[in-house]
Amino acid sequence: MIKRLHIRNYAIIELLDIDFAKGLTIITGETGAGKSILLGALGLIMGDRADTKSLYNQEEKCIIEGIFDLSAHDLREFFAENDLDYETEVVVRRELTPSGKSRAFVNDSPVTLKVLQDLSAELIDLHQQFDTLDIHNLSFQLRMIDALAGNKELLLQYRNLYREYSANQRRLSELLNRNEQSTKEMDFIQFQLEEFNKAELVAGEQETLEEELTRLSHAEDIKRTLGMAFDVLTENEQSIVGQMQSLSVALTTIGKYAPKLGEYSDRFASMIFELREMSNEFEKVADQTEYDPERIQEVQQRLDLIYRLLKKHTVASVDELLAIQGNLEQQLAGFADLGNEIGALRDKIKVQEEQLYRWADELSDRRQAVIPGYEQKVVDMLTQLAMPYAQLKIENRKLEQLSPTGLDEVQFLFAANRGSRLQQIKDVASGGEMSRLALVTKSLVASAIPLPTLIFDEIDSGISGDVALKMGNILRNLSNEHQVVTITHSPQVASKADRHYFVFKVDKPDRTVTNVRLLSDDDRVRAIAVMLSQSPPSESALVNARELLGL
């Protein structure tokens, strides 16, 4: 419920604070005093568009702030979805600067107008005469029938499953579209894989083959050079190793006379050993090295294949080619799994659809069961409100396909006068008739549907006397379960208030401004007496006012 409305620098309001409470709050005042301006300000924090023409002072910003108590409504999910801090008391603020910039806040967190509109829809139901009302809306009409039928839990189950069902249908459509394209893609992938499979690539083989090709291409030079090195080191008469062995013997001999030379003798012997080992390796490699034109051709062909694949796939190594091969294998496996996934998803959708149809049929039966009684109650209450020939017919048309609410499309058809043809509410009801119809329909479902704060703007327009008194009683009963705020010109309706505000103008030296004050019991007697007669009121009007107030 709304606890407080703060208005600064809006229209002809300089600064205003109004406190609201539970029950029925009535707002009265002379025509043009600014009652509708209050609703205009409230509309700003409900997400309505604004312009700088609304500024009281064109050089200062306009601020509208509403404080709401959410303890009776669980809106945690809404706040979580919109990344807002949740508190049981929420402050909604709208600011409009002289430059025309508009900003909105929820608990000091900036929000878009869309978030503001969605939140206000959960907090306030604003009924203004001649507006496009929610009672026109087919989804709201169905919502009222579901509330009366007690469909909340069943409808929640249905909607949760319907969301999964719809998501699975979209997924199936995507898979089927992919499957249509998959044949060509599979052929291409298989062609590429066959090429890879024939190549039988091995990690690191490019470097190995390139090294082998280089060695084979220079085999004669390698063999000749290594053979010559072997001969020079150990084989010919003047071999390096032979000469070094002679020197070693000589060094050993003189070592007897110079002990320090023994170290050099050992190092020299080590060098001889290394050269002999090296000579043996040269011999082995020379023996193993042969010019093999056939092997050269094989290696060259293998490298040509690798180079061609590298160029084709624009990569630089065999390892990258192997990664591409692995990816192609995964894609091909994915195509193979696609058919299985489509089959499994079709089976799941079928099971979900069967369950949805069962629940939809149950929802339909429960809706149909409450419609006749609801129609009659609406007609009976409208008769009490001076609409004796009013008719309400609720059509429940079956849909061909499942919808988020089942298989029903509910539509309210209305006729206000004798002999009139039943038509959609938006096409037939006048402003006054619409006001009474909205009040009746909402009051009948008030205990069943979590309606937010209800605000009615001149819902009693065009009625008076006993009818107005009955409308006041309806509003009073409605306020037992919901916060109700009503702007009225009817003394009968005003007399039912728990709290009565009076809107009036104050003339300042430079301009006129709107102000609001809470009326005491004595003030209420006078205000209602004026509404009954004139200002100042007659004594009989004062007596009548006290009677209406039960004083």
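This report covers salt bridges, one buried arginine, a three-stranded sheet and a surface patch in a predicted model.

**Salt bridges**

The search of the whole structure finds 21 salt bridges. Three of them are set out below.

| Pair | Closest N to O distance | Location |
|---|---|---|
| E14 and K508 | 2.5 Å | strand β2 (residues 13–19); loop between β14 (499–507) and β15 (512–518) |
| K114 and D118 | 2.7 Å | helix α3 (residues 113–123) |
| E341 and R171 | 2.8 Å | helix α11 (residues 318–384); helix α5 (residues 152–199) |

E14 forms a salt bridge with K508. Because E14 belongs to strand β2 and K508 to the loop between β14 and β15, this pair ties together parts that are 494 residues apart in sequence. E14 counts as partly exposed, at 35% relative accessibility. K508 is also partly exposed, with a value of 35%.

The bridge between K114 and D118 sits within one helix. The two residues are four positions apart in α3, so about one helical turn separates them. D118 has a relative accessible area of 30% and is partly exposed.

E341 and R171 meet through their side chains in a salt bridge. This pair links distant parts of the chain, with E341 in α11 and R171 in α5, 170 residues apart. E341 is partly exposed at 33% relative accessibility, and R171 is partly exposed at 30%. Elsewhere, K61, R93, E95, R103 and D108 are joined into one network by salt bridges that share partners.

**A buried arginine without a salt bridge**

R94 is part of strand β5 (residues 89–96). What is the nearest side chain of opposite charge to R94, and how far away is it? It is that of D48, 6.9 Å away; R94 is buried yet has no salt bridge. A salt bridge requires the side-chain nitrogen to be within 4 Å of a carboxyl oxygen. The side chain of R94 does have backbone oxygens as partners. One is the backbone oxygen of D48, reached at 2.8 Å. Another is the backbone oxygen of L44, which lies 2.5 Å from a polar atom of the R94 side chain.

**The β9-β10-β11 sheet**

Strands β9, β10 and β11 form an open sheet in that order, with antiparallel pairing. β9 and β11 are the edge strands, each pairing on one side only. Strand β9 (residues 391–403) is joined to β10 by nine bridges, and the two strands form a hairpin with two residues between them. β10 pairs with strand β11 (residues 423–424) over two bridges, again in the antiparallel sense.

Individual bridge partners show how the strands line up. L413 of β10 is the bridge partner of K393, and L413 also has Q424 in β11 as a bridge partner. F414 is partnered by Q423 in β11.

Is strand β10 largely enclosed or open to the outside? Nine of the ten residues of β10 (residues 406–415) are buried, so the strand is largely enclosed by the rest of the structure.

**A nonpolar surface patch**

M228, V232 and I240 make up a nonpolar patch on the surface, and together they have about 250 Å² of accessible area. I240 is in helix α8 (residues 240–254). With 34% relative accessibility, I240 counts as partly exposed, because that class lies between the under 20% limit for buried and the over 50% limit for exposed.

Conventions: Residues numbered from 1 in each chain as written. Predicted model: local features only at pLDDT ≥ 70, side-chain atom pairs only at ≥ 80, totals over all residues. Heavy atoms only, no water. Patch = residues over 30% accessible without salt bridge, like charges linked within 9 Å, V, L, I, M, F, W, Y side chains within 5 Å. Areas by Shrake-Rupley, 256 points an atom, 1.4 Å probe, with all protein chains shown as cover. Buried < 20%, exposed > 50% of the residue type's maximum accessible area, 1.4 Å probe, protein only. Lys, Arg positive; Asp, Glu negative; His and termini not counted. Polar contact = N/O pair within 3.5 Å; in protein donor to acceptor, adjacent residues only side chain to side chain. Pairing = 2+ DSSP bridges.
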